[in-house]
4 protein chains.
Amino acid sequence: MIKVGIVGATGYAGVELVRLLQSHPEAEITGVSSVSYEGKSISEVYPNLYGICDDTLGSEDAVVEKSDVVFASLPHGLSEKLAKKCLAKGVKLIDLGADFRLDSAEEYTKWYGKTYEEKDLHEKSVYVIPELMREQYKGQPIIGNPGCYPTSIALGLAPLVKSGIVADDGIVIDSKSGVTGAGRGLADNTHYPNCNEAFSPYKIAAHRHTPEIEQTLSKLAGKKVNVTFVPHLLPVNRGIISTIYAKLTCSVDAKELHKLYSDFYAREKFVRVLPLGKVANLRDVKMSNYCDVSVHADEHTGRAIIVAAIDNMVKGAAGQAIQNMNIMFGLKEDCGLDFVPPAF
Amino acid sequence: MIKVGIVGATGYAGVELVRLLQSHPEAEITGVSSVSYEGKSISEVYPNLYGICDDTLGSEDAVVEKSDVVFASLPHGLSEKLAKKCLAKGVKLIDLGADFRLDSAEEYTKWYGKTYEEKDLHEKSVYVIPELMREQYKGQPIIGNPGCYPTSIALGLAPLVKSGIVADDGIVIDSKSGVTGAGRGLADNTHYPNCNEAFSPYKIAAHRHTPEIEQTLSKLAGKKVNVTFVPHLLPVNRGIISTIYAKLTCSVDAKELHKLYSDFYAREKFVRVLPLGKVANLRDVKMSNYCDVSVHADEHTGRAIIVAAIDNMVKGAAGQAIQNMNIMFGLKEDCGLDFVPPAF
Amino acid sequence: MIKVGIVGATGYAGVELVRLLQSHPEAEITGVSSVSYEGKSISEVYPNLYGICDDTLGSEDAVVEKSDVVFASLPHGLSEKLAKKCLAKGVKLIDLGADFRLDSAEEYTKWYGKTYEEKDLHEKSVYVIPELMREQYKGQPIIGNPGCYPTSIALGLAPLVKSGIVADDGIVIDSKSGVTGAGRGLADNTHYPNCNEAFSPYKIAAHRHTPEIEQTLSKLAGKKVNVTFVPHLLPVNRGIISTIYAKLTCSVDAKELHKLYSDFYAREKFVRVLPLGKVANLRDVKMSNYCDVSVHADEHTGRAIIVAAIDNMVKGAAGQAIQNMNIMFGLKEDCGLDFVPPAF
Amino acid sequence: MIKVGIVGATGYAGVELVRLLQSHPEAEITGVSSVSYEGKSISEVYPNLYGICDDTLGSEDAVVEKSDVVFASLPHGLSEKLAKKCLAKGVKLIDLGADFRLDSAEEYTKWYGKTYEEKDLHEKSVYVIPELMREQYKGQPIIGNPGCYPTSIALGLAPLVKSGIVADDGIVIDSKSGVTGAGRGLADNTHYPNCNEAFSPYKIAAHRHTPEIEQTLSKLAGKKVNVTFVPHLLPVNRGIISTIYAKLTCSVDAKELHKLYSDFYAREKFVRVLPLGKVANLRDVKMSNYCDVSVHADEHTGRAIIVAAIDNMVKGAAGQAIQNMNIMFGLKEDCGLDFVPPAF
């Protein structure tokens, strides 16, 4: 059994990891930490876990000590220090924050206002969306787990961008995320009466996930790709839908698009390219590690329209992190991830 | 007092008219009709009205008989016949359906599968979004009241499209509507467990409001404008947000955009151009006749981003219809429409 | 015009007062205050008011200075001090908090942990649910405005309790309130992902509204009435439903109950006793000052079941406060309160 | 592997069975039927299942043919016929409808308007809430699976009723159910705009689950128990909370109540008696087979207050049915039922 530690276990990604790992056949949780709730039982903070996981929340150091691999779900800028500790003890790290996602130290500083202090750590890390770049994993001790929006967008756009038929500056991404995406911290915009029966975009063309999105798309395209990216806060608990508009350089109909996508993802269990005519809905992937993708054509303006739906807390965070752990430890990629989305 | 009849009073737009007109100082409801509930009291169908409006639902003919003006909220294809009846009796008509919105009989047939049987009626009708084309009203006996999506989009795009700086085929419109937009009829996609905690686009690049949107924008631009339009079903009762992406032919920053919009709507009570840095939210216009517009620039891809929010049942239907009635009868345009949106 | 000041205008009851008073024909807002946002415009805090009420939030003292009557929506224990200021200036006070609701200083101390410092102020104040005790208002300068739960419960139980056929200790009240009832302050239990798709009771048989409920019922019954009262947090923005179970001392059928209630409220505009067979729903009173009451009998266990629904922010707070202001100033009780509940 | 057939697989309980059984280690689905969708793939009706279970919906007869055990989720009155077919083929039946729940043919006729045609079938059937009456299962070929409300109520009241300290006619049950409880059929009251931001009781003291509740409680008490039962429709997808008020014949404090319950359920995995001071919330049992129970005392009126929460579709339907299947086939009772409720 892989000994798993979770640092930041009372954040939303952390507690979702606790939940998903309960049914993983090859891993067991050996430590959980939380700065805010140290000394308490995790089931006191999250009563859904009562009687299922009543582990006491300890310190970060104690968690590292007991683990083969640590999942970290920390505020930006704290993961390097943790990574150093892990590596010193021969412990692997999967970071669910943003500190190991960007290749460019400049972009990191520009968007997050912090700097990469330990450059060698970044050389020992790798960013992995399994379906698109699992072969990039070559034994690195650190994996930068992708962000939720970037996961839905990269999976939604990869076949198209790689095919080379998208016009320069021709991509508009209109994403909508459930409120858990904003995390556990209290804030005015996540106060129930403010976001129930409400809807609006935020951080318009200024969201920190933009450089991560462009990094992945640029690699796939083989050239710099710029996108317009606007996220919205959706009054549901879970899920992300990205509606993606791509101006094409040649005329392609829906059938051809569908074939392109079906072929691209033919062997991928967790990406479901829906039959032509169906539309992806975040309802249908909730609580699961699936990414549903539907493809559409607007021939009268020459655009492909791609709809990509994921559960932001599973495929967009904890589930993909476990998928990456499976890669790290040579397990089958879907091990412990066979969650069936409910109908309602 | 203007004598008002409502045909199709138990549809969602109809019952909203009943509600809004209760406080109109210059109009009184003299008749309501419903095919499905004829003979019943409207407050038996809508118990919110109990003790406030308990009028008995009669026939269409009886309503026409008693009215100076009739509001019609009927399935497509039924309004011509009603219009003929109204005109024969010297009664004015404000049609909340699609039958008097499109200039082009061909487009009507293409999108609605019906034909304009009485061409002269269409010459006696006019389509009016008051803020953009109130001067088009020159005493016509029929007004085609705009659709909900087209209202938010036309108000959101008018200053920009009129300014002539939008690239050809450069407009992408990602709209999200509350479930009342789908009306009162039962359907799988509006069954609570199907649309609660769910979200998806529908009629992708194929919604019937597309020709109406393009008709208005083309007139404003002075040339044919094509748009990519994708509506989404949002798990809230009321409201529409349109997030509009417009590729520009020249570089414009947010401040310039904001000045363009503020100047354009300087005298319009019902269009609120939000201060720079604020974002329109459908929460803030709920239950009111306001359209909130916020403007944003994505300079790294050369796009303007406009967010336009309305209450789909008020400014997007019944409220705008009353505004048009006020124009028709020479009243102040905001007469009876001073609804203050609630904070929650 | 009555000059109205609102102290605590950025709380939920405060901002609802601002909204409702916009359409009051005999009152105008002359001052608004907020400790947290002093110096800001109220429309910056509540963008729904943008362009409608952009008043600058001032100090409590400045508000008192400019007003004929002050509405106060303050944390418990702060209203006495304000009342003193008001009375010194000849300004009337309507207190939406709990400081002037309880006759018994002991009960106040027991439930709120504070004491009545200025006993004479309490002799100059009166607690008024208009439909049940409007004749208690005899010119007092202070009105203690009822709590939200107690309003729904007192209106729901008054006819029955007054009739003398309820068994001792035979009342169980199961109330459910929308989240605005918890106010504007951020808290874990009102964080969207915690209360969306969630439901539970809270402060079981220990809610501070219990003594207020028992005070009113005891007066109506002419003897001490004890109740079991359990509130629940309901995932909606607005509204309260109280389902009330009353063990009867004699056999009464639904028809007799209905007659009792219909007669009792025959002249009350704002209490709608629904036709026999209908069930009160908070949907049908939203945004209005109505209290809907439906009556039912469970003959096999000898209980009457009463369902009472109000909008917690209108009849349960700001609307009833305006109704009390109308009483205070000799206006018609429904002046400025003709809000029609929407169908959706 | 147990061969499982599901008759009525496109109803809500049916599709939930399909989902839950995907991860059962000892059972496999060998047939699914649906009258409305025969010939279609189940994943076309429920796209959440796409690529996971694409089985074609067949006929009832075909399903019986291929099964060791059949789960039936049918409208009332249809299960006897199916039971006969099953027994003729040596196939076991677990009926999720109401046809095998009531001992008394008279009560069945009174509440459901149908009659028991095949009395011998009812002698071969048994009603089982595992935690309360698993020893009643003695090899009968038919199990009547309990209703959702009755499950939450029986588990919530069993320790108290069995202890003999509840006053006659002293029980009031105020239950609230998510909308999936109303099933897949379209209806006005489950149309999204009608039940979102709405709340009300229904079938007040007249719900068909009443005789089932009283049957179980009477057996536990050893005498006839009558209850007042009022269900409410809650604007969430899943879950039931029953708030139960029981007048006691002697004085009992919360601590004693808690000990009574903790002892009673000490060995039950799926009933979690929460620590004193905590309150059951339907959020914390969602998607799982747990029933959370919290106990409270209202000493000033002499009542115990019990809050019992379940997922109506799991412990209240499909999950409990699988638990009963496990009993039927001699498996561990929790086999395949280790679902961890999510935090959000």
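**Exercise 1. The hairpin in chain B**

Task: In this predicted model, work out how many residues lie between strand 12 and strand 13 of chain B in their hairpin, and which residue in the turn has a positive phi.

Solution. Start at the turn: the hairpin of strand 12 and strand 13 of chain B has four residues between its strands. Look at the backbone there, and B:Gly302 turns up with a positive phi of about 75 degrees. Next, follow the ladder: strand 12 (residues 291-298) and strand 13 of chain B run antiparallel and are joined by eight bridges. To get the register, take B:Ser294, whose bridge partner in strand 13 of chain B is B:Val307.

**Exercise 2. Around strand 13 of chain B**

Task: Find what joins strand 10 to strand 13 of chain B, then decide whether the faces of strand 13 of chain B are covered or open.

Solution. Strand 10 (residues 240-248) of chain B is linked to strand 13 of chain B by eight bridges, again antiparallel. A handy marker is B:Ile244, which stands opposite B:Ile306. Now take the faces one at a time. On one side sit B:Arg303, B:Ile305, B:Val307 and B:Ala309, all buried. On the other side, B:Ala304, B:Ile306, B:Ala308 and B:Ile310 are buried too. Both faces are therefore covered, and because eight of the eight residues of strand 13 (residues 303-310) are buried, the strand is largely enclosed by the rest of the structure.

**Exercise 3. The parallel sheet of chain B**

Task: Give the strand order of the six-stranded open sheet in chain B, and say which strands are its edges.

Solution. Walk across the sheet and you read 2-1-3-4-6-5, with parallel pairing. The ends are strand 2 (27-33) and strand 5 (125-127) of chain B, each pairing on one side only. On average, neighbouring strands here are turned by 20 degrees against each other, ignoring direction. Zoom in on one pair: strand 3 (residues 69-72) and strand 4 (residues 92-95) of chain B share four bridges in the parallel sense, and B:Val69 has B:Lys92 as its bridge partner in strand 4. Finally, add helix 4 (residues 79-88) of chain B, which lies across strand 1 (2-7), strand 3, strand 4 and strand 6 (142-144), at about 160 degrees to strand 4.

**Exercise 4. Two helices in chain D**

Task: Classify the crossing of helix 8 and helix 12 of chain D, whose axes come within 8 Å.

Solution. Take the angle between the axes of helix 8 (residues 148-163) and helix 12 (residues 314-328) of chain D: roughly 95 degrees. Values of 65 to 115 degrees count as roughly perpendicular, so helix 8 of chain D is roughly perpendicular to helix 12 of chain D. Then list who makes the contact: D:Cys148, D:Thr151 and D:Ser152 from helix 8, and D:Lys315, D:Gly316, D:Ala317 and D:Gln320 from helix 12. Sorted by class, that gives two nonpolar, four polar and one charged.

**Exercise 5. Contacts between chains and domains**

Task: Describe the side of chain A that touches chain B, then the contact between the two domains of chain A.

Solution. First, count: 39 residues of chain A are in contact with 39 residues of chain B. Strand 7 of chain A gives the most to its side, with four residues. By class, that side of chain A has 21 nonpolar, 11 polar and seven charged residues.

Now go inside chain A, where the assignment gives domain 1 (2-123) and domain 2 (149-312). Their C-alpha centres are 27 Å apart. Nine residues of domain 1 are in contact with seven of domain 2, and helix 5 (residues 105-112) of chain A gives the most to the domain 1 side, with three residues.

Methods. Residues numbered from 1 in each chain as written. Chains lettered and ligands numbered in written order. Predicted model: local features only at pLDDT ≥ 70, side-chain atom pairs only at ≥ 80, totals over all residues. Axes fitted to C-alpha atoms, helices over the stretch in contact; angles between N-to-C directions. Parallel < 35°, antiparallel > 145°, perpendicular 65-115°, else oblique. Nonpolar A, V, L, I, M, F, W, Y, C, P; charged D, E, K, R; others polar. Domains from an automatic or database assignment. Buried ≥ 20, exposed ≤ 12 C-beta atoms within 10 Å, placed from the backbone. Pairing = 2+ DSSP bridges.
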